Amino acid sequence: ILYALPMIFRAYYRAPVFHLIPIPWIDVSWLLQKAVPGISFGLATDLVSYVTGFIVPFPAVVGMFIGSAAISLVGNPLLLSTFKDTRIHAWNMFAKEYEYGMSITDIWQRSTLYIWSGPIIGITLAAGLMPIILRPEVIRNTFSTLRRAREEGGGFNLWIILAPYLAMTLVLSALDYYLAPDFPILFYVLLNTAWPFLYMLAVVRGEATAIGFSIPYVREMTILGSGYQGIAAWFAPIYVPVPWSAALAVCDMTDTKPLSYVKLMAILYPVAFVFGFVYVQSFWNMAPIPSAMFPGTQIYWPVQAIYQTIFIGGPEIMRPIWIAGGAAVLAVLYPILYRLGWAAATIGLAAGVASPIPNMASMLIGAVVGKIIQRFMGVENFNKYRAIIIAGVALGTGLAVGLGSAISIIITTMWIAPY
């Protein structure tokens, strides 16, 4: 009723008919801005945002909310009070654009464009690098484990794994060079072949020891560091590695052969790739993208474009000092919170500063509710059933959206058939 029916009615009448609840969040910014200009706040309207707080570590959830609130509830209002005079603070273009009644989406997008994108990039870089700096043994143990596996494997041949990997990534590098020949092919090989291999070794080793980390913007920093002045290389397809360690662990727990899982993925990936075009075209027939029918694209696509433009624009747009300032803040906080056992809070902080406030506030509410439930159910029982609760809510929501989308696609296809 909440998700499927509005999609179906829109497809049938070719126009928005009704929404029982605002999607994706309830926005009360207009009310708060009467007292505090520039503030933005709201709550998500999907249950998944709330129950996700059940399973995400509590310190991480707190960090996410603090990071998002630091911008939405504190930073942006300061831009319109302490730093409002643009004759003195010429960099504050957000103050020139702000108008009373701006929505969460508008405030988030415009403040990110003019002010926060640089510090957010710096914070994200520091969040990825600090765990490695403080725990360098993760990298060292990665190579010692690989060497030990070869010595103890009794015939284990590393080239059986490396040969197809090298072949495919080198072919991708050649394709990139064909598409963007003004960027040296050596850097394509570095990004597609050398870096993903070393990075995944470290990431999987970290996951095995409960130390998660990621290093963002490697592609962007590599292109910038090369001195590249063109445009094409920024849009060349670069290999983005994704670890399978968790999936293979599930295979081991369920007595499933890892090779069977690999074969399944080898079959499904090409099928999903082809049908992806079909689905996107079907959605595009329902309504323009972005549009009110697909609010996620209206909210997140402009921000993604902002980050990409900052890197492509170079130092004139990206403001290296602001990036360094953001990195310095997290670099100071991380060792302190690491010693206190709250290292997850700094990773959450990095995620929170780059996210709109409704999602983070809703997740915090869910985390607090989870703590309350623990007092009645007991920690052991809650931990036993929380994943089932999240899976049930996500499955129900996904089923409703999927069913609504399928019916909408059918209706749209029938509507355009005569033409």
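Author: Helices (H or I, at least four residues) and strands (E, at least two) are DSSP runs, numbered from the N terminus. This is a predicted model, where local features need pLDDT of at least 70, side-chain atom pairs count only at pLDDT 80 or more, and totals for chains, interfaces and linings use all residues. Residues are numbered from 1 along each chain as its sequence is written, and side-chain values use heavy atoms, leaving out hydrogens and water.

Reader: How many helices and strands does the protein chain have?

Author: You'll find 18 helices and two strands there.

Reader: What makes the span of helix α13 close to the expected one?

Author: The expected span is 1.5 Å times one less than the number of residues. Helix α13 (residues 295-313) has 19 residues, so 27 Å is expected, and from first C-alpha to last α13 reaches 28 Å.

Reader: Where does α13 bend?

Author: At Trp301, by about 25 degrees, with a proline, Pro302, following within four residues. That bend is the angle between axes fitted to the seven residues ending there and the seven starting there.

Reader: Which residues in α13 are buried?

Author: Among them are Pro295, Ile299, Val303 and Phe311. Buried means under 20% relative accessible area, exposed over 50%, and partly exposed in between (1.4 Å probe, protein chains only). Across the protein chain, buried residues make up 38% of the 419 residues.

Reader: Why is Val271 called partly exposed?

Author: Val271, in helix α12 (residues 258-286), has a relative accessible area of 41%, which falls between the two cut-offs, so partly exposed is the right label.
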